[in-house]
Amino acid sequence: MAEEGKKISFGFAKSIKKPTLVKQVPQEKKKVDYIECLDGKAIKVIGEEAKEESPLIIPLLGPKTWHDRIINKIDADIFEPKTKTENDTQTVKVKEEPKEVSNGDITMEINKDISNVQIKTEPQDEKEGKSLTLEEQAAREIVEDLKSAEKKDDKLDNLTLPLTEEAHLRGMEESTLEDYEKIPIDAFGLAMLRGMGWKPGKGIGKNEKIVASVVPELRPKGMGLGADKMALQKQNGKVQKQEEELRMEKGTFIKIIAGKQSHAYGQIEGFDEDVGRLIVKMALSGDTISVNECTVQAVTKAEFIKNSKVLNVAKYEEFKSKEGTSKRRSVSSESSSSSHNNSSIKKKKRKHREDDNSKKSKKRKKSKSRRRDSSDSDNDNKRRSTKHRRSSSSDRARKVKKSKKHRGEDKASRYFESPDRRKSKSHRSRSSTLRLALVQLAVGEDKAANIARAISFIERAKQQELADIVTLPECFNSPYGTSHFAKYAESIPDGETCVALSGAARRNNVYVIGGTIPERDDGKLYNTCTIWAPDGKLVAKYRKMHLFDIDIKGKITFRESDSLSAGNSLTTFEVGGCKIGIGICYDIRFEELARLYRNKGCQMLIYPGAFNMTTGPLHFSLLQRARANDNQLYVACVSPARGSPPGYVAWGHSQLTNPWGEILHELDAGEDMVVSDIDLKVVDEVRAQIPTFSQRRTDLYDTVWKQDV
């Protein structure tokens, strides 16, 4: 009974090995950082470790498809495969405590004693021990899928589809847009390649062949759909090997390979990215032009120094090739002439021997031998004289060839001209070309600073650009406005501004058109332009004839006549065969003034002028082209640089127009200078081709200067 009173308990225990992950994510060790101090906006941390930036790697996710499991025999499950044994039997002890089971209103107590429970695993199929073929494995999986489909309930009212969770992403955090923005696109691609096994300097795949990457190049701005930049470069020969090292940047030496400036050299001064054009300063003329970036080719400094000063490069190369062929021909002719001379010498020796033999054999005959000797001597003299004539003619031919060679060298020297040499030539032939500089000056309230800035531009125009004439803008020594004229006015020619302009013209040996300054004379104020010769003397002055009195409702109202007086005379002067007439700003609106200058034989009109922000965009360029076209001459307008309100704000955009009405140069709004050559032959050509001056009906109408009547 004692044994029956003992309580027996059973326990159920089973040890299951936890599955281990193939790719476990290492847990980061938490580290506590202690703040030492705040340095400005930065936080200093005690014991902060230097972060080493390791290359980013995006691992390649493992396959999980039926094809990979069967064909490639890849275990797609992230868990390690479980070890299985046949007839695996486990004996366990089960301990059951009394339990109350609730079923509706009935409550019953269950207490069962279980002595021994054995859990047997069913033996595996015999076929599984055998190796199955691919067809058998596929058929088996299809049958299992069909059986599982039959067991499913046909009622799909409460159908729920579980969200599948990628095993490879367990424990990973979801990436955000900030994570993607932190990584550049190229770094993201390299990280994916590293995850696939790529290493720098090696290829990918079975054939580890390194292939050069193809970098897509955007079409340059300004090129049409059918344009090809390389095609333009190949027109003039092979592309240089050093072209890959040369870059299009400010200061790069370039060669123009297409257009009317083809074969010319220059240097990049800036970029116009909106239209894909380059601002280039030409090596020969010194002009600053705008060209399409597709029509230029970067060159080395050595090539630039060698060829930049060559005029007509194509003709020069043609001449050099012809000169080389002529040299080869002359060498061959000299060799042939030397061989001819050697043969003639042998013939002479042979003849002399024959003559000696004949003389010895015929000494016995007295009269006959004497006659024969005399005749032979006459013949010898004749032969000698003819040979002498031949040798002298050959010498003359050699001299002619030599002179032609020297003439060729002189012709070649014409292709190389330095700026100083071209300048001296232009001084020798002043009647055809002269160089004009237009200075768009920034003007402030400091009179001395304005004058000093103007003098610096005059020196730069002469010393660097070799200008013959330097022109300053209207009111270059003072702000433009009726309230400023009296304050900045001075007498001419002994005023502060006039003394500075005279000295600048004398020191730099250049003509200076001194824009305009407020002039005080006999109690009146004038807007006056002064012209200074290279010796520093005042050549002429012009007082503004038409005063600027306008009233554009809601935009601008200005009355020069409130403080200034008008001039009453025309002003012309001549520089190197070019007759120039002077007007000031508002004068350009009156075509009669330009016609009077044309009647006096002027070939160029210069207007220092400060158009405003209302009339400037509308009429400044239009009026210049109109005066140039009507009178078939050059027109130049020189404006101050655009300032800022309050006060009068000038339009800027100084401009030079040729007799055809074409704009040769136009500046922007800021302080700048443009230098250009004035070719007076263009004036003669236009007037000869379109002879409007001689076709005018002066019997019916005419423009007359009444002071001459």
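## Gly286 and its surroundings

Gly286 is found in the loop that connects β9 (277-282) with β10 (288-292). The model described here is a predicted one. Although Gly286 sits in a loop, the residue counts as buried, because its relative accessible area is 15% and the cut-off for buried is under 20%.

Setting aside residues up to four places away in sequence, Gly286 touches Lys281 and Glu465. Its C-alpha atom is also separated by 8.0 Å from that of Ser676, a residue 390 positions away along the chain.

## Gly251, a partly exposed loop residue

Another glycine, Gly251, lies in the loop between α7 (229-234) and β7 (253-256). Gly251 has a relative accessibility of 29%, so it counts as partly exposed, a class that lies between the 20% and 50% cut-offs.

Which residues is Gly251 in contact with, once neighbours within four places in sequence are left aside? They are Gln267 and Ile268. From C-alpha to C-alpha, Gly251 and Gln267 are 5.8 Å apart, while 16 residues separate them in sequence.

## The protein as a whole

The protein has 709 residues, and buried residues make up 31% of them. Its secondary structure comprises 18 helices and 26 strands. The accessible surface comes to about 49200 Å², and carbon and sulfur atoms account for 51% of that area.

Contacts can also be sorted by how far apart the two residues are in sequence. Of the contacts with a separation of 6 or more, 66% are between residues 24 or more positions apart.

## Strand β16 and its partners

Strand β16 covers residues 524-532, and eight of its nine residues are buried. The strand pairs with β14, β15 and β17, and each pairing is described in turn below.

β14 and β16 run antiparallel and are joined by two bridges. In this pairing, Val512 stands opposite Trp532 of β16. β15 and β16 are also antiparallel, with five bridges between them. Pro518 has Asn527 in β16 as its bridge partner, and Arg520 is partnered by Leu525 in β16. Side chains in a regular strand alternate between the two faces of the sheet.

The pairing of β16 with strand β17 (residues 538-543) is antiparallel as well and runs over five bridges. Here Cys529 has Tyr542 in β17 as its bridge partner.

## Turns between the strands

What separates β15 from β16 in their hairpin? Two residues lie between the strands, and Asp522 in the turn has a positive phi of about 55°.

The hairpin of β16 and β17 has five residues between its strands, and in it Gly536 takes a positive phi near 90°.

## Thr516, a buried loop residue

Is Thr516 buried or exposed? Its place is in the loop between β14 (511-513) and β15 (517-521). Thr516 is buried, because its relative accessible area is 0% and buried means under 20%.

The contacts of Thr516, not counting residues up to four places away in sequence, come from several parts of the chain listed here. They include Pro473, Glu474, Cys475, Phe476 and Asn477. Asn527, Thr528 and Cys529 are also among the residues that Thr516 touches, and so are Ile584 and Pro608. Asn527 has already appeared as the bridge partner of Pro518, and Cys529 as that of Tyr542 in β17.

## Helix α15

Helix α15 spans residues 591-599. Its buried residues are Leu593, Ala594, Arg595, Leu596, Tyr597 and Arg598. Just after this helix comes Gly601, which takes a positive phi of about 90°.

## A cavity inside the model

Rolling a probe the size of a water molecule over the atoms shows where empty space is left. How many cavities of 30 Å³ or more are there? The count comes to one. The space in the largest cavity is about 60 Å³.

The largest cavity is lined by Tyr480, Phe548, Cys585, Tyr586, Arg589, Ala610, Phe611, Asn612, Thr615 and Tyr648. Of the residues in this lining, seven are nonpolar, two are polar and one is charged.

Methods: Residues are numbered from 1 along each chain as its sequence is written. This is a predicted model: local features need pLDDT of at least 70, side-chain atom pairs count only at pLDDT 80 or more; totals for chains, interfaces and linings use all residues. Side-chain values use heavy atoms; hydrogens and water are left out. Helices (H or I, at least four residues) and strands (E, at least two) are DSSP runs, numbered from the N terminus. Buried means under 20% relative accessible area, exposed over 50%, partly exposed in between (1.4 Å probe, protein chains only). Contact means heavy atoms within 4.5 Å. Two strands pair if DSSP finds at least two bridges between them. On a 1 Å grid over the protein atoms alone, a cavity is a set of points where a 1.4 Å probe fits but cannot get out, and a pocket is an open set with protein on both sides within 12 Å along at least five of seven lines; lining residues have an atom within 4 Å of a point. Grid points are joined across faces, edges and corners, and a volume is the space filled by probe spheres set on the points. Ala, Val, Leu, Ile, Met, Phe, Trp, Tyr, Cys and Pro count as nonpolar, Asp, Glu, Lys and Arg as charged, and the others, Gly among them, as polar. Accessible areas come from the Shrake-Rupley method with a 1.4 Å probe; for residues, only the protein chains shown count as cover.
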